[in-house]
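Good morning, and thank you for joining this group meeting. I would like to walk you through the empty spaces of one protein and what lies inside them.

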Amino acid sequence: MSQNIMNKYYRNTYAEINLENIYKNYQSIQSLVNGKIVIPVVKANAYGHGVFEVVEYLVDKGVNYFAVSLLEEALELKEKFKNIEILVMGVVDRTQFKIASKNNITITISNFDQLKKIDDFSSPLKVHLKIDSGMNRLGFKKEDEIISSFNILKNHNTIKLEGIYTHFSTADGDKKYYDMQLNRFELIVKLLDYDFKMIHASNSSSMIKYEKEINFTTHTRLGISLYGLTLDSETKFLNNTYKLISHISEIKHLEPGDKVGYGAVYTALEKEIIGILPIGYADGFIRQNQDGFVEIKNKRYRIIGRICMDQMFIKIDDHVSINDKVILFGGLISIDEVAERLDTINYEIICQITYRVPKIYIK
Ligand SMILES: *Cc1c(COP(=O)(O)O)cnc(C)c1O
């Protein structure tokens, strides 16, 4: 496999995406949700994994409903995969409703601006009503607002009110706030007393923990854990899907006192060997990774000096040779470890790798 990679990618820096593990994660989580349908969330280029490849693989396995954030993301997918259903979870302006209806894309209705005089469509527009149960992001919040938006949608000739959903703000922490949101959402669903085809609430962390206890929903929305990650790193049953890989492109032998890279912030105290990697912050391996670690042949090596736009430095030893494979994360150095060092969440680590890093797929 890696021979092919060498031929294909001249720089020898790439992300290795494991599609098989994505599907394994999907199946493991499917088994936790009491037979409800798990909707893969593939926004943001499938959390950096490459949306066409991920969707194609899952479609082959029989998955046919996906969720994204933007109308643009949905249109791109629809062009390639005519027969899948897609829900856009972000705000779609009412001036764009026609595009959604024409392309059979399901949109979310979350505010009254979207409901100002909606004309008829030539093909019905499928919508989900978004309830703000406590996150205070998108959705109708007050009971009277929920009822009047519901009535507008229900009574419109060419709108098909297909679903209702909410989103949790604290599925990873405050159980009390989570319970409050869930109860509010359940009350609203009961109050509307309508034959929704799809009722959904949970994202990855809440579905793994609590979906089994919920009996009034029909679907769940699976994002980060499809990609083997969770918010609280307590879930060890998932498989890694993303490895960032480069190779040693040059080796330097330093004398005591030699300095390394921009700002000359690293000084060799003795005779040292360093390796240069052809990857930098323009690839999304940001400068704050300075002083972190990479993996070579199952061993940790320290990142030294400032990370440049296209290159970086690591301190190596004489067990390392030119062209040796270096795993920046997704192996011994987990994505969670990198996230913790950068004081952020795993989501951001995989989303920030840029277009310049090619992806290779393991199927
Ligand atoms: C991104 C998103 C999800 C998926 O969340 P994860 O934590 O990645 O599982 C679900 N629902 C909505 C509304 C989202 O925006």
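**The ligand and its pocket**

Let me begin with the ligand, which takes up the space of the largest pocket. Please keep in mind throughout that this is a predicted model.

How much space lies in the largest pocket? The volume is about 500 Å³. The lining is made up of 26 residues, and those nearest the centre of the pocket are K43, Y47, R137, H167 and N203. Three elements each give two or more residues to this lining: α3 (43-47), β4 (85-91) and β9 (219-222). Sorted by class, the lining of the largest pocket contains 13 nonpolar residues, eight polar ones and five charged ones.

Let us now turn to the ligand's own surroundings. Which residues are found around the ligand? They are V41, K43, Y47, M89, R137, H167, N203, S204, R221, G223, I224 and Y347. In this shell, five residues are nonpolar, four are polar and three are charged.

I would next draw your attention to particular atoms. On the side chain of H167, an N or O atom is 3.4 Å from a nitrogen atom of the ligand. The backbone also takes part: an N or O atom of the G223 backbone lies 3.0 Å from an oxygen atom of the ligand. For I224, the distance between a backbone N or O atom and an oxygen atom of the ligand is 2.8 Å. As for cover, the ligand on its own has 390 Å² of accessible area, and the protein covers 93% of that area.

**The cavities**

I come now to another kind of space. In general, empty space is found by rolling a probe the size of a water molecule over the atoms.

How many cavities of 30 Å³ or more does the structure hold? There are two. I shall describe the second largest cavity, whose volume is about 30 Å³. Its lining consists of G284, F285, N289, F329, V338, L342, I349, Q352 and I353. Of the residues lining the second largest cavity, six are nonpolar and three are polar, while none is charged.

To close, I return to the two spaces described. The ligand occupies the largest pocket, whose lining includes five charged residues. The second largest cavity, by contrast, has no charged residue in its lining. Thank you for your attention.

Technical notes: Residues numbered from 1 in each chain as written. Predicted model: local features only at pLDDT ≥ 70, side-chain atom pairs only at ≥ 80, totals over all residues. Heavy atoms only, no water. 1 Å grid on protein atoms, 1.4 Å probe; cavity = no way out; pocket = protein on both sides within 12 Å on 5 of 7 lines; lining within 4 Å. Points joined across faces, edges and corners; volume = space filled by probe spheres on them. Nonpolar A, V, L, I, M, F, W, Y, C, P; charged D, E, K, R; others polar. Helix = DSSP H or I, 4+ residues; strand = E, 2+ residues; numbered from the N terminus. Near = heavy atom within 4 Å. Polar contact = N/O pair within 3.5 Å; in protein donor to acceptor, adjacent residues only side chain to side chain. Areas by Shrake-Rupley, 256 points an atom, 1.4 Å probe, with all protein chains shown as cover. Sits in = over half its atoms within 2 Å of the grid points.
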